[in-house]
Amino acid sequence: LLSISGRSRSRLVVATMGAGASLSLFMSNVAATSILMPAAVHAAKRVRLSSSRVLLPLAYATQLGGMATLLTTANIVSSGVLRDHGLRGFALYDFLVPGGLAALAGIAWMALVGVRLLPRESPVEEVTRMARLRKTLSDQYRLREELAVLRVGARAACAGKPLSQSG
């Protein structure tokens with residue numbers, strides 16, 4: 001992925017999607033995603049890109065690529081229904097042209113438009129960043145030295161009242 005994309009973040013997204021769509025032509029979407037996830041996360045870290053900005057496109061690409069062969073559940077079921085009704089079922093690559101065009105269109109859309117709609121950071125990265133910021137602010141303003149915690153018993157006269165009304 002890195003040798004194809006270099007240090008370009010947008011090319012990394014396209015390369016990840018291309019790899020995911022290609023692999024899902026020959027295996028299940030889940031397997032293709034699972035195989036590429038570690039490489040995609042590693043490549044994203046190397047170019048300082050949030051992992052969500054490559055993992056979401058990867059998931060879309062494996063779905064799109066999977067539509068181009070018989071190996072997706074919906075295509076297998078459709079083929080089975082045809083056979084159950086005495087008709088010829090689908091062959092492995094009967095979906096290649098429409099599915100391949102859909103995959104190419106999806107990759108192009110993600111590269112040109114969708115990448116701008118992806119979250120800047122994953123929820124885990126955001127929580128981690130906020131925790132670091134909170135710790136930094138807490139240290140900077142010496143909140144641990146200036147903060148007192150008071151526990152009010154449930155039966156106290158001021159329990160459940162705002163501080164302004166507690167007397």
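A residue counts as exposed when its relative accessible area is over 50%, as buried when that area is under 20%, and as partly exposed in between. Arginine 48 is a good place to try this out: its relative accessible area is 70%, so it is exposed. The model described here is a predicted one, and arginine 48 is found in its loop between helix 3 and helix 4. The backbone at this position also deserves a look. Most residues other than glycine have a negative phi. Arginine 48, although not a glycine, has a positive phi of about 55°.

A second arginine sits in another loop. Arginine 7 belongs to the loop between helix 1 (2-5) and helix 2, and with 57% relative accessibility it passes the 50% mark and therefore counts as exposed. Once its neighbours within four places in sequence are set aside, arginine 7 is in contact with Arg46 and Val47. From arginine 7 to phenylalanine 90 the sequence separation is 83 residues, and their C-alpha atoms lie 42 Å apart in space. Helix 1 itself holds serine 3, which is exposed because its relative accessible area is 75%. Serine 3 and alanine 15 are 12 residues apart in sequence, with 9.6 Å between their C-alpha atoms.

From these exposed positions, the description now turns to the interior. In soluble globular proteins, nonpolar side chains tend to be buried together. The largest nonpolar core of this model has 17 residues, and those touching the most other members are Leu12, Val13, Met17, Leu49, Val54 and Met110. Two or more residues of this core come from each of helix 2 (9-23), helix 3 (29-46), helix 4 (52-66) and helix 6 (96-112). Valine 54 shows how such a residue meets others from elsewhere in the chain: leaving aside neighbours within four places in sequence, its contacts are Leu12, Val13, Thr16, Ala40, Ala44 and Leu49.

Helix 2 can be followed from end to end. Its 15 residues should span 21 Å at 1.5 Å a residue, and its end C-alpha atoms are 21 Å apart, so the two values agree. The buried residues along helix 2 are Leu12, Val13, Ala15, Thr16, Met17, Gly20 and Ala21. Their cover includes helix 1, helix 3, helix 4 and helix 6. Leucine 23 is also in helix 2, but its relative accessible area of 26% makes it partly exposed. Apart from residues up to four places away in sequence, leucine 23 touches Ala32, Ile35 and Leu36. Leucine 23 and glycine 100 are 77 residues apart in sequence, yet their C-alpha atoms are 13 Å apart in space.

The packing of helix 2 against helix 4 can be described through their axes, which come within 7 Å and cross at roughly 35°. This crossing is right-handed. On the helix 2 side, the contact is made by Leu12, Val13, Thr16, Met17, Gly20 and Ala21; on the helix 4 side, it is made by Arg53, Val54, Pro57, Leu58, Ala61, Thr62 and Gly65. Threonine 62, a residue of helix 4, has only 1% relative accessibility and so counts as buried. Beyond residues up to four places away in sequence, threonine 62 touches Gly20, Ala21, Ser24, Asn29, Ala32 and Thr33.

Helix 6 completes the picture. This helix has 17 residues, and the 24 Å from its first C-alpha to its last is close to the 24 Å expected at 1.5 Å a residue. Its buried residues are Gly99, Gly100, Ala103, Gly106, Ile107 and Met110. Looking down the axis of helix 6, these buried residues fall within an arc of 125°, so they line one face of the helix. The face turned away from this buried side carries the exposed residues Val97, Leu101, Leu104 and Leu112. Helix 2 and helix 4 are among the elements that cover the buried residues of helix 6.

Key. Residues are numbered from 1 along each chain as its sequence is written. This is a predicted model: local features need pLDDT of at least 70, side-chain atom pairs count only at pLDDT 80 or more; totals for chains, interfaces and linings use all residues. Side-chain values use heavy atoms; hydrogens and water are left out. A nonpolar core is a set of buried Ala, Val, Leu, Ile, Met, Phe, Trp, Tyr and Cys residues joined through side-chain atoms within 4.5 Å. Buried means under 20% relative accessible area, exposed over 50%, partly exposed in between (1.4 Å probe, protein chains only). Helices (H or I, at least four residues) and strands (E, at least two) are DSSP runs, numbered from the N terminus. Contact means heavy atoms within 4.5 Å. The expected span of a helix is 1.5 Å times one less than its number of residues. The arc is that of the directions from the helix axis to the C-beta atoms. Axes are lines fitted to C-alpha atoms, for helices over the stretch in contact, and angles run from 0 to 180 degrees between N-to-C directions. A crossing is left-handed if the near helix is turned anticlockwise from the far one by less than a right angle, and right-handed if clockwise.
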